[in-house]
Amino acid sequence: AAMRRHGLNAKVQEYGAGILSGLCLDPQIHAEFVNEEGVSTVVAAMMVHPYQPGVQAFGCDVLASVASSDASYKQVIADSNTQMIAKDAMTRHKKHKGVQNRASAVLRAIS
């Protein structure tokens, strides 16, 4: 909810995505994440803050984790413009290893 209420605050988005990244290590969280519009929240954060590497890296991490766990989640994430967002993140943050690794992971997860 904080990420939705404070969509223009880059630090809230970065920390929120970071917390989700940790939570989504548990596959039991994935259904709730998808059902509660977590995908659209993370994608929106990445679109609003394209020059914030923390938002991009954590956002990709969350999306890769969830997409890797279930075919239906993979489809929801793939349908959310994730491929373009991940590629844009890689282009904007060419020297940021975290963004490069996590964006590559999400691209593999949705392919």
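**Group meeting: a walk through an eight-helix model**

Okay, let's start in the middle. The largest nonpolar core has 26 residues, and the ones touching the most other members are F33, V39, M46, L63, V66 and I77. Who supplies this core? At least two residues each come from α3, α4 (38-48), α5, α6, α7 (82-92) and α8 (97-110). The biggest giver is α5, with seven residues. One caveat before I go on: this is a predicted model.

Let me zoom out for a second. We have eight helices and zero strands, so if you read along the sequence by the DSSP runs, you just get α-α-α-α-α-α-α-α. The C-alpha trace spans about 30 × 30 × 20 Å along its principal axes. The radius of gyration is 12 Å, and a compact globule of 111 residues would be near 13 Å, so the two agree. Buried residues come to 41% of the 111. And if you take contacts with a separation of 6 or more, 64% of them are between residues 24 or more positions apart.

Back to the core, and to V39. Leaving aside neighbours within four places in sequence, V39 is in contact with F33, V34, L63, V76, I77 and S80. V39 is also one of the buried residues of α4, and the full set there is G38, V39, T41, V42, V43, A45 and M46. What do those buried residues pack against? The list is α1 (2-5), α2, α3, α5, α6 and α7.

Next, a helix pair. General point first: two packed helices are described by the angle between their axes and the distance between the axes. For α5 (residues 53-67) and α6 (residues 71-78), the angle is about 145 degrees and the axes are 8 Å apart. On the α5 side the contact is made by L63, V66 and A67, and on the α6 side by Y73, K74 and I77. By type, that is five nonpolar residues, no polar ones and one charged. You'll recognise L63, V66 and I77 from the list of core residues that touch the most other members.

Two of those contact residues turn up again around a histidine. H30 lies in helix α3 (residues 30-35). Buried or exposed? H30 has a relative accessible area of 2%, and the cut-off for buried is under 20%, so H30 is buried. Its contacts, not counting neighbours within four places, are C24, S65, V66, S69 and Y73.

There's another histidine to look at, H93, and this one sits in the loop between α7 and α8. H93 is buried too, with a relative accessible area of 9%. Beyond residues up to four places away in sequence, H93 touches P50, Y51, Q52, P53, Q56, V99 and Q100.

Staying with α5, let's look at V55, which is found in that helix. At 1% relative accessibility, V55 counts as buried. Setting aside residues up to four places away, V55 touches A10, Q13, E14, A45, M46 and H49. Its C-alpha is 9.9 Å from that of V43, and the two are twelve residues apart in sequence.

E14 in that list brings me to charges. How many salt bridges are there? The count comes to one. K11 pairs with E14, and the closest N and O atoms are 3.4 Å apart. Both residues lie in helix α2 (residues 10-23), three residues apart, about one turn of the helix. Why does that spacing work out? An α-helix has 3.6 residues a turn, so residues three or four places apart point the same way. The partners are not alike in burial: K11 is partly exposed, with a relative accessible area of 45%, whereas E14 is buried at 17%. For your own reading, note that the cut-off for buried is under 20%.

Last stop, the loop between α2 and α3, where you'll find Q28. Q28 counts as exposed, at 70% relative accessibility, because the cut-off for exposed is over 50%. Measuring tape aside, how far is Q28 from E14, C-alpha to C-alpha? They're separated by 23 Å, with their positions 14 residues apart along the chain.

So, to pull it together: a 26-residue nonpolar core, α5 giving the most to it, and one salt bridge, K11 with E14 in α2. Happy to rotate the model if anyone wants another look.

Notes: Residues are numbered from 1 along each chain as its sequence is written. This is a predicted model: local features need pLDDT of at least 70, side-chain atom pairs count only at pLDDT 80 or more; totals for chains, interfaces and linings use all residues. Side-chain values use heavy atoms; hydrogens and water are left out. Axes are lines fitted to C-alpha atoms, for helices over the stretch in contact, and angles run from 0 to 180 degrees between N-to-C directions. Helices (H or I, at least four residues) and strands (E, at least two) are DSSP runs, numbered from the N terminus. Contact means heavy atoms within 4.5 Å. Ala, Val, Leu, Ile, Met, Phe, Trp, Tyr, Cys and Pro count as nonpolar, Asp, Glu, Lys and Arg as charged, and the others, Gly among them, as polar. Buried means under 20% relative accessible area, exposed over 50%, partly exposed in between (1.4 Å probe, protein chains only). A nonpolar core is a set of buried Ala, Val, Leu, Ile, Met, Phe, Trp, Tyr and Cys residues joined through side-chain atoms within 4.5 Å. A salt bridge is a side-chain nitrogen of Lys or Arg within 4 Å of a carboxyl oxygen of Asp or Glu. The radius of gyration is taken over C-alpha atoms; the globule rule is 2.2 Å times the number of residues to the power 0.38.
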